[in-house]
Every structure is written in structure tokens, then in C-alpha cells.
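This report sets out the architecture of a two-chain model, chain by chain. It then turns to the interface and to selected local features.

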Amino acid sequence: MGLIEVKDLKYTYPHSEKPVLTDISLTVQPGEFILLTGPSGCGKTTFCRCLNGLVPKFYSGVMEGTVKISGLDTRENPIMRLAQHVGLIFQNPDNQIFALTVEKDIAFGLENLGVSKDEMYKEIEWAVETTGLRHLRQRATHELSGGQKQRLTIASVLAMRPQIIVMDEPTAFLDPIGAEHIFSVLDRLNKVFGITIILIEHRMDLAAKYVDRMIVFSEGKIVNDGEPVKVFADDQTRLLGVGIPRVFELARRLSSRGVHFNRFPVSAHEFYNEFKTRLPEDIRRGDGRFEDLSEFTGEYHHNPAIEVKDVYFTYPGNVEALNDVSLTIYHGDYVAIMGENGAGKTTLVKHFNGLLKPSSGRVVFHSVDVSTLSVAQLARNIGLVFQNPDDQLFEETVEKEISFALRNFGFDESVIEKRVTWALNLLDLTEYRHKSPFTLSGGERKRVALASVLAWDPDILVLDEPTIGQDYGQKERLRHFLTHLRSQGKTIVIVTHDVEFVAESQPRIVLMAGGHIVDDGVSKKIMTRPDTLLSCSVSQPEITRLFDKLSDHGLPKDVLDVDEAFDILMRNVGGASP
Amino acid sequence: MSLLESLRFTRGDTFIHNMDPRVKFLLTLVSFAASVMFLELVPLIVIFLIQLPLIVAAKVVREWYKSVKGASVIAVIIFASNMLSFYYFRDRQLTWALVEYSLALTVRFIALITSFSVFFLTTSPDKLSLALEKVKVPYEFNFAFITAIRFVPVLADEAQTIMDAQRSRGLELDKGNFITRVRNYIPILLPLIINSIRRSLELAEAMESRAFGATENRTNIYELRMRGSDYAMLFIVLLCFGVMVYVKLYLPTFSGLLGEGSII
């Protein structure tokens, strides 16, 4: 008997006709590390809710079939009983932290269970040790960083000693190093303590190397289930638009051209180990036929659009957020601002349209000091799209939502009509024109928010974390869309943690840490400096990691995406393979 | 706002911070009673001065100063309005007694602010909740209290973000007449309310997942226990109260504007 037994599960939410889950049957053995993935809205989050009885107990609705956790039927046992077997962790850590201090929050579940004080201290001791929170034990919860908060949510369910931990996109808001930290905590729980882990994740390049089983959901059904390598190789997975680790994709393409792999790799490390024996002799010795390309640093010589000059900014309460920042963004630039959580990225972009005024220093837009203009005046030219669409949507229909800003800017009704139609078209939202934005899915809401800014056609577009919560297909569409805008001469600034997204669109990168700019340059330059990246809590893309190793053999370092990698390897290695 | 802001708990490890919240609350009540009991300048100044060492001991001088500064406008109003009203409605002459009386009321106000500052600046909400638990307030209320405090900074952040997002879409909050201005806040309030509803659902889910309400016999990781120093403090507080009552009842009062012996 498995730890989790799901049989013929079918579930329909109340007030809904279409089931979100159908024909789900699976067995999970103790100690498995499972990655759950699938396009947005495929039912994976609902499936997790079934595991501790939130479905159907909390949500009601119609459930058929059975779910058993260690033999306990979820329908017959209360959630609080199941909660001791399954620790469920949701996406947003802020909404799962109840107490004012770390220690007290970890204790919350134990207190609810009526565990004695001594016992509690023992469990907390273990939980803070395993999640690396020992030094933060007495810290106020609202002072924690995003990554620390997420580790706290793990510690808090861990203290209840569950056999299973289920996490729904735990790293969505985290910087790459913070995300890796979470994965390594989970890995340790799995390998050392034998805890079964079920993880929902879209960022395959980060997650794939940790797991030993992958389950792919699509439209409420399981379409693939097995070893990651097999699942990634399956055409079904590919067609669904589930992300595939870049190194895996590279290996697959090479193999179709006759380069043999015993086993397809899911990480740069695996790829390298598999591949190095296949390198031709002269390359393996590292004769260095390639020059160091660090000189390849395209400089910018166009007209400045936004100039940030020696800016300092301090939030009330003496929180220093920007510390001597100088940056020039040119017309037609495509810039990605990257760096650790809390580095001041969002604070910086809020200076662009005057939402924040520098404590000292100047921000200049088209040779006019920003402080002399109102936010509304600046916003007309600089469109800022915030991370969470729910922080701005409020109208009854998508159409009204998009025309909101146009009315604020005083456009004519006839122009508004035209612009709205144009923006709806551009973002593929026409069918939702008269729908309420609140009935749309997360990805669609994000597009509405984007459309509501694009509608007034600002010259400069600033997007804060556009890829968060987006599945692979949605990210691809966004990338194409940005390319399209750039071809129209728009200046685009994105704030992002998504290393792979950056690797594929190769913008100019501005790296930030601790309120100042650490490095600034073309992607190829920045991404080949692992130490600088690390100091900003950013990791290299997997492909670049691979070429970092291959560069010992004389191959170039500055390779970022699959196409380029494939090209270089085929030209230098492919022919030599048997 | 700065008045309320400066009453926020500041972490610390002083003997005032570590004092049992029940004793500390009693201390605050006694200071309160004392300030209300006297109307004469000298005892009120004494009450005020007695509290200063507590503030220094708790290392919250700066926060306390901020709260007094925030209250100074009100203090000035108290002083001025008393001066003016008594001047006009009584003797119509400027006497020392009049100044003394108005000054006494102002000092009383400052003393009250001070006593509450000491309590709120040095008592963590967690301890407060423990004290509530000890006096048998049901856990659900207690939990709601703590959760409310926990989400103040989260909601404040969110409100700020929403405001920024809408201003970035050309919303001008302080434009137009009164009605328009009120309407301007709709795009800010609606997302805030909808997000809060969504959040409460997520919170409920997370509570369920952490076995909320699993047993009647809920335990608590922290427990309030009166220590020797707490008993000592309790004794001192009660002693002070005794002395105060004695002074009030048996010592000749100082000259007051409203006649001898009156309390208010």
C-alpha cells in the first residue's frame, strides 16, 4: 500500500459545471520527490488541496473517488487529523504566517494540537535547524525577507512532523539563489529524513535536478507520470508547452544529429559529465581556439530617455533603499534589472515615473527633472505595470478596466474606443471584452493589467516581475510580445528574477544588491561573471553554467541560449562524434 | 499619526520589557489614577518625574520623546483653551493661579501620555495576548487580535502598492472637488477589499492546514509566570498607590482654582 492512494478522483467546485479533476489515479510511495507541473489552470493546485481534505471539506463541491493518506480516507477524517500527515504550503508565505515572531509561528500548529511545552521546544529546535532559521528564531516575522518567510512556512509545517510536504510554487517570488536555497532544504528533508515531497513548479531548470518523479497535468487529467528524463522526452509533454530544462533540450537536439547520450541530462552538471568524454581530443585538452570574448561589450550611444543621477532614497523609518544609484536608460533600450529580494529594484523603477522622489540626487526624463512633473504627467510617457494584477484591477468589465487610464489622461471617447480595441487585440483578450476581470485566470488578469497600460501607448514600458506565476507557454508569448514592442522602438525595462527568461531575450542587465548597482552591461558580459551574479543572489542560466565548464576545453564562455549552444557544439563537436 | 505610531512596540531586553504584563498594566493604571486624582501642579509634576526613570530604564527615550512631541500640539491646545476660557468666564484677570491650573492640566496630559507610552512601547502584542489568555479571554478573540496586528504592516504595504499602481495609471487623488476626491478612492479601496477577501480565504485554508481548533486543550509555548522581581514591582506599585491615596486624603491640598479638596 502506498503512502498516498488516489483512485478515480473526480472533483467539481461548487457553482461550476466543469470538473477540475477527472480520472485521477495514482500511488505515491514513501520517500518520493515528485514534481507536479502543467499549464496554468490544469488542476494541480486543486489536486494538492485534495491531499489534506481541504477538498472537499473546506471547499465543498462534488468529489468522486477516494484519496487515502497513510490509509486514512480524506473524506472520513477531519482536516486537522490529516494535517499531521500532510503539510500543505501555499504560494504566498505572507498569508500563512500567523504569529509575530518566528518561534511562535513555528509553534502555532503544535499549540493547536495541544503538544506539551517541552515537546514543542524539541520540535522547534529541529525545525529551525533543518531550515537554517536558527539565528532568526526571535525575529519579528514581518522583518523577514521573502526567502526567509518561505523557509519559515516550511519550518512551521515541519514541526508537526508530517510524512508528506506539499508545496505550491514555493519559489515564485524568490530570487534565484533564494529559490535554490528552498530546493536544497526540500532535498535535505527528502534525502536525510525520508519525507515525501510533492512540489508544484514551473521553473524546470531549477527544479528538475532534485526530483525523481514527474507528474504532468493537463485539463484536469494526468497526461504523463514517470521519471523526469522520460517525461521530458515525451512528445505529449512538449506539445503541452510544459517547460523543458534547457540542457535537456540541447541534448535532445544534439542527439537528433547523431551525438549519443547514454542518459539525457537535466542539469549542466550532468550534461558536462556525460559530454566531456565526447569532446574531440584537441578540444578536450583545451587548446583554446576561442578567444576570450569578454571584450564583446556593445556600448550604448543613443539618446538618453531616463537618467538617474546619484540617487539616494530612504523610506520612512530610516530604511535605506537606494544608495548612490546612477543609471542611464537610452531610447530603444531593453533593460532587465536583476538582483536579490530587497535590493531596491522596485524602489528604483518607482523613481522613473515620480511615484517616489529621491532623498538626494536627480532623476531626469528627456532633460526635464522628474521632480518638477506630476506622476500623471510622467505616467503618460512611462507606463509602469505592477507585479500583481490584483493590486490594480477594479472595474466591472475588461473594457472599462483598459479605458480607465485613457479617461484619466483625457482622451476623446472615439480615441478610447479605438485604443481599447487595439490593446485587446494585441494581448489576445478580445473575447473577454465584456467579462469581469475577476472571473479571469491569473495569467489572463496579468494580461489585462498589461493591456490597461499599453492602451495609452507609452514610449517607455516598465514591467515589474512580468513572468511570476506564468507558465512556460505564457512566458514564451510574453517574450515574443516584448520583441514585437521593441521592433516598434519602445524602450522596455523589466524587473525580474527569471534567469532563463533573460537568457533567451538577452537584454542589457543591471545588477543590483543592497541598494546600489553592482554591474551593468550586455547579457553576455554579465551572465559570464558567476561571482558577481552570486553577490546579487542571481544564478547563471543552466546553459551558461555548462559552457562555464566547457570553457576549460577552449569553448566560449558567453553562451546563453539553446540555439547558440547547439550551433557551437555542432560546429565543433558534432562532426567528431561516431 | 505620529502620536499613534510612536506607541508601537519596540523590541528590547530591559527589566521593563521583561516585567509581567499584568504588573505593568497595573503600574499604568496606577499612574493613570494618580494623574486623574490630582489637579495641583506639584503632585502632577512629581507623578510625571517618577515615570522618567522608567523610560530611561526601558531605553525608549527617543520613542517617548516622539510621542510627546506628537502630542505637543494637543498639549498647547489644552493649555491655551483653559487659559482663555477661565480668563473670560471667571475673573478676567491674569493670575498665577490661573496659569498654574492650566499648566497642571497640561502636565497631567503629558503624564498620561507617558504612562501609556511606557506600557505600549515595552509590551509585545504576544505578551499582551498571554495576559488576555490568563484573564480567560477566549482564544478566538485572542487569535483575532494577534492576526490583526500581524497584518497591519502587510495591509499597509498593499495599500501603498495599490495607490502606486493606480497613480501610475493616471489617477490623481487630490484633484477635483470633495465628491470627486472621494470617488477617486474607489479604484484604491476596491482592490484592497477584494484582496482582503481573497486573503482571508487563504488564511482560513492555511489555518486548517495547521490543525487550528484540533483540541480544546490548546497549549501555549510561552507562559506567564510571576517572578520575584515581578512581585517586588507589584509591591512597589501598590505602595505608591497607598502613599498617593494618603497624600490625597490626609495632607492639606495645595491652593487650587476650583476650591479646596475638589478632585476634578
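The structure is a predicted model. From the N terminus on, the elements of chain B run α-α-α-α-α-α-α-α-α-α-α; the chain thus comes to 11 helices and zero strands. Its radius of gyration is 24 Å, well over the 18 Å that the globule rule gives for 264 residues, so chain B is more spread out than a compact globule. Along the principal axes, the C-alpha atoms of chain B fill a box of roughly 65 × 60 × 30 Å.

Chain A contains 24 helices and 20 strands. The globule rule gives 25 Å for its 578 residues, and the radius of gyration is close to that, at 25 Å, so chain A is as compact as a globular protein of that length. The following table places the two chains side by side.

| Chain | Radius of gyration | C-alpha extent along principal axes | Buried residues | Contacts joining residues at least 24 apart, among those at least 6 apart |
|---|---|---|---|---|
| Chain A | 25 Å | about 70 × 65 × 50 Å | 54% of 578 residues | 69% |
| Chain B | 24 Å | roughly 65 × 60 × 30 Å | 28% of 264 residues | 82% |

**The interface**

Contacts between the chains involve 50 residues of chain A and 42 residues of chain B. On the side of chain A that touches chain B, at least two residues each are supplied by α2 (54-58), α3 (79-82), α4 (102-113), α5 (117-131), α15 (375-379), α16 (398-408) and α18 (442-454). The largest share, seven residues, comes from α4(A). Classed by residue type, this side of chain A has 27 nonpolar, 16 polar and seven charged residues.

Helix α2 of chain A also contains Pro56(A). The peptide bond from Val55(A) to Pro56(A) is cis, with omega near 5 degrees. Most peptide bonds, by contrast, are trans.

**The nonpolar core**

In soluble globular proteins, nonpolar side chains tend to be buried together. The largest nonpolar core of this model has 194 residues, of which Val166(A), Leu199(A), Ala451(A), Ala455(A), Val462(A) and Ile543(A) touch the most other members. What does Ala451(A) contact once its neighbours within four places in sequence are left aside? Its partners are Ile402(A), Ala423(A), Leu424(A), Leu426(A), Leu427(A) and Leu429(A).

**A six-stranded sheet in chain A**

Six strands of chain A form an open sheet with mixed pairing, in the order β16-β17-β18-β13-β19-β20. At the edges stand β16 (382-385) and β20 (516-522), each with a single partner strand, so one side of each is left without a neighbour in the sheet. From one strand to the next, the twist averages 15 degrees.

Within this order, β13 (residues 334-339) and β18 (residues 491-495) of chain A pair in the parallel sense over four bridges. Ile337(A) stands opposite Val495(A), the latter in β18(A).

**The β9-β10 hairpin and positive phi values**

Strands β9(A) and β10(A) run antiparallel and are joined by five bridges. One of the paired positions is Met214(A), whose bridge partner in β10(A) is Gly226(A). The two strands form a hairpin with two residues between them, and Glu219(A) lies in the turn. Although Glu219(A) is not a glycine, its phi is positive, at about 45 degrees. The loop that holds Glu219(A) connects β9 (213-218) and β10 (221-226) of chain A. Is Glu219(A) partly exposed or buried? With 16 C-beta neighbours inside 10 Å, Glu219(A) counts as partly exposed, because a buried residue would need 20 or more.

His15(A), which is likewise not a glycine, has a positive phi of about 60 degrees. Its place is in the loop between β1 (4-12) and β2 (21-28) of chain A. Only 12 or fewer C-beta atoms within 10 Å are allowed for an exposed residue; His15(A) has 7 others within that distance, so it is exposed. Most residues other than glycine have a negative phi.

Key: Residues numbered from 1 in each chain as written. Chains lettered and ligands numbered in written order. Predicted model: local features only at pLDDT ≥ 70, side-chain atom pairs only at ≥ 80, totals over all residues. Contact = placed C-beta atoms within 7 Å. Nonpolar A, V, L, I, M, F, W, Y, C, P; charged D, E, K, R; others polar. Rg over C-alpha atoms; globule rule 2.2 N^0.38 Å. Core = buried A, V, L, I, M, F, W, Y, C linked by C-beta atoms within 7 Å. Pairing = 2+ DSSP bridges. Axes fitted to C-alpha atoms, helices over the stretch in contact; angles between N-to-C directions.
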